[in-house]
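Me: I am new to this structure and would love a close look at one part of it. Could you pick a single spot, walk me around it, and then show me how the rest of the chain fits in?

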Amino acid sequence: MLELCSVNKAYAEGRKVLTNLSYTLKAGEYVAIMGESGVGKSTLLNLIAGLDTPDSGEIRINGATISSLDDDAATRLRRQQFGFIFQAFHVLPHLTLSQNIALPLLLNGAPLDRVEQMLADVGLRDRGHHFPRQLSGGELQRVAIARALIHRPKLVLADEPTGNLDPDTAHEILQLMRTEIKANGATGIIVTHSHAAAATADMILNLTKDGLHPVASEGT
Ligand SMILES: Nc1ncnc2c1ncn2[C@@H]1O[C@H](COP(=O)(O)OP(=O)(O)OP(=O)(O)O)[C@@H](O)[C@H]1O
Ligand SMILES: [Mg+2]
């Protein structure tokens, strides 16, 4: 499903972030990526999402190299197949919560029937007509998660999706993410600093300067 082949990425002033990173994720795998702040986790998710391009190396999704797609094809792939939860939520301020969540369905011309259920699933029943400014940080984060899952994407990329939530709410939201990913046969990557959050994935990978390596499960 997702192949990282010798991916290199440096930012201006030559700071290398990712060096010869290779890894393959099978369809239906749900992994957590952990690692020190600044090691390049968000950079990696942005590259996989096609929001940024590697300096060298390839990222393939179902055999297609993202950076070689034209803009239209890349946009279509992202819109139909991806669900992305950013570290900063990117909820649109002038749309209501329902409209924010419905956006991927609208863009794909899909029926809007799941919006109310999804609002309820993230604990925001009856708040659909509210605007983002009327929400707390944790509530906004839940809107972003609902929006990322609503169109049943085949690849879910989540950057610290529960960083603003209390442990109980985080647990519920992580269970929702896992349920949706598994129900859709999707591939999922969650980036997190929380061991409890990471433990809800099938496997934990540690990102270091030396690459992505599985962390031995502690059986929790
Ligand atoms: N647009 C940018 N221009 C220059 N440097 C950047 C840019 N984005 C990130 N960096 C740098 O690249 C490195 C990796 O950043 P990244 O955001 O990927 O880290 P991270 O692993 O997600 O960290 P955190 O756990 O704090 O979210 C950091 O040193 C950061 O300062
Ligand atoms: Mg980050």
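Reply: Let's begin with T187, which sits in strand β8, a stretch covering residues 187-191. Please keep in mind that this is a predicted model.

Is T187 buried or exposed? T187 has a relative accessible area of 1%, and anything under 20% counts as buried, so T187 is buried. What does T187 touch, once residues up to four places away in sequence are set aside? The list holds M1, then the run L25, K26, A27, G28 and E29, and finally K154, L155 and V156.

One of those partners, L25, leads us to an enclosed space. L25 is among the residues lining the second largest cavity, and the space in this cavity comes to about 40 Å³. Its lining also includes L2, L4, Y23, V31, I33, L44 and I48, along with I189, L205 and L212. Which elements each supply at least two residues to this lining? They are β1 (2-10), β2, β3 (30-34) and α1 (41-48). The character of the lining is easy to state: 11 nonpolar residues, no polar ones and no charged ones.

Now let's follow helix α1, where T43 lies. T43 is buried too, with a relative accessible area of 10%. Leaving out neighbours within four places in sequence, T43 is in contact with K9, Y11, V17 and L18. Two of those names, V17 and L18, come back in the lining of the largest cavity. That lining also has T19, L21 and V39, together with L207, T208, K209 and G211. The elements giving two or more residues to it are β2 (16-25) and β9 (203-208). The biggest share comes from β2, which gives four residues. The largest cavity has a volume of about 50 Å³, and its lining divides into five nonpolar, three polar and one charged residues. Counting cavities of 30 Å³ or more gives two.

Next comes A201, in the loop between α7 (195-198) and β9. A201 is buried, with a relative accessible area of 11%. Beyond its neighbours within four places in sequence, A201 is in contact with Y30, V31, A32, R178 and I190. You may recognise V31 from the lining of the second largest cavity. How far is A201 from L51 in space, C-alpha to C-alpha? The two are 24 Å apart, with their places 150 residues apart in sequence.

For another stop, look at L124, in the loop between α4 (115-121) and α5. L124 has 1% relative accessibility, so it counts as buried. Not counting residues up to four places away in sequence, L124 touches L119, E139, R142 and V143. L124 also gives a feeling for distance across the model: its C-alpha atom is 40 Å from that of K209, and the two residues are 85 apart along the chain.

The helix after that loop, α5 (137-149), brings us to the largest pocket, as one of the elements that each supply at least two residues of its lining. The others are α2 (71-81), β6 (82-85) and α3 (97-108). This pocket holds about 420 Å³ of space. Of its 15 lining residues, R78, F82, F84, P104 and L107 lie nearest the centre. Sorted by class, the lining has eight nonpolar, four polar and three charged residues.

Finally, let's step back to the whole chain. The protein chain has seven helices and 10 strands. Its C-alpha atoms fill a box of roughly 50 × 45 × 35 Å along the principal axes. How does its radius of gyration fit the picture of a compact globule? For 220 residues, such a globule would have a value near 17 Å, and the chain has 17 Å, so the two agree.

Of the 220 residues, 49% count as buried, and T187 is buried as well. The chain exposes about 10700 Å², with carbon and sulfur atoms supplying 50% of that area. Contacts also link distant parts of the sequence: among those between residues at least 6 apart, 70% join residues at least 24 apart.

Notes:
Residues numbered from 1 in each chain as written. Chains lettered and ligands numbered in written order. Predicted model: local features only at pLDDT ≥ 70, side-chain atom pairs only at ≥ 80, totals over all residues. Heavy atoms only, no water. 1 Å grid on protein atoms, 1.4 Å probe; cavity = no way out; pocket = protein on both sides within 12 Å on 5 of 7 lines; lining within 4 Å. Points joined across faces, edges and corners; volume = space filled by probe spheres on them. Nonpolar A, V, L, I, M, F, W, Y, C, P; charged D, E, K, R; others polar. Rg over C-alpha atoms; globule rule 2.2 N^0.38 Å. Buried < 20%, exposed > 50% of the residue type's maximum accessible area, 1.4 Å probe, protein only. Contact = heavy atoms within 4.5 Å. Areas by Shrake-Rupley, 256 points an atom, 1.4 Å probe, with all protein chains shown as cover.
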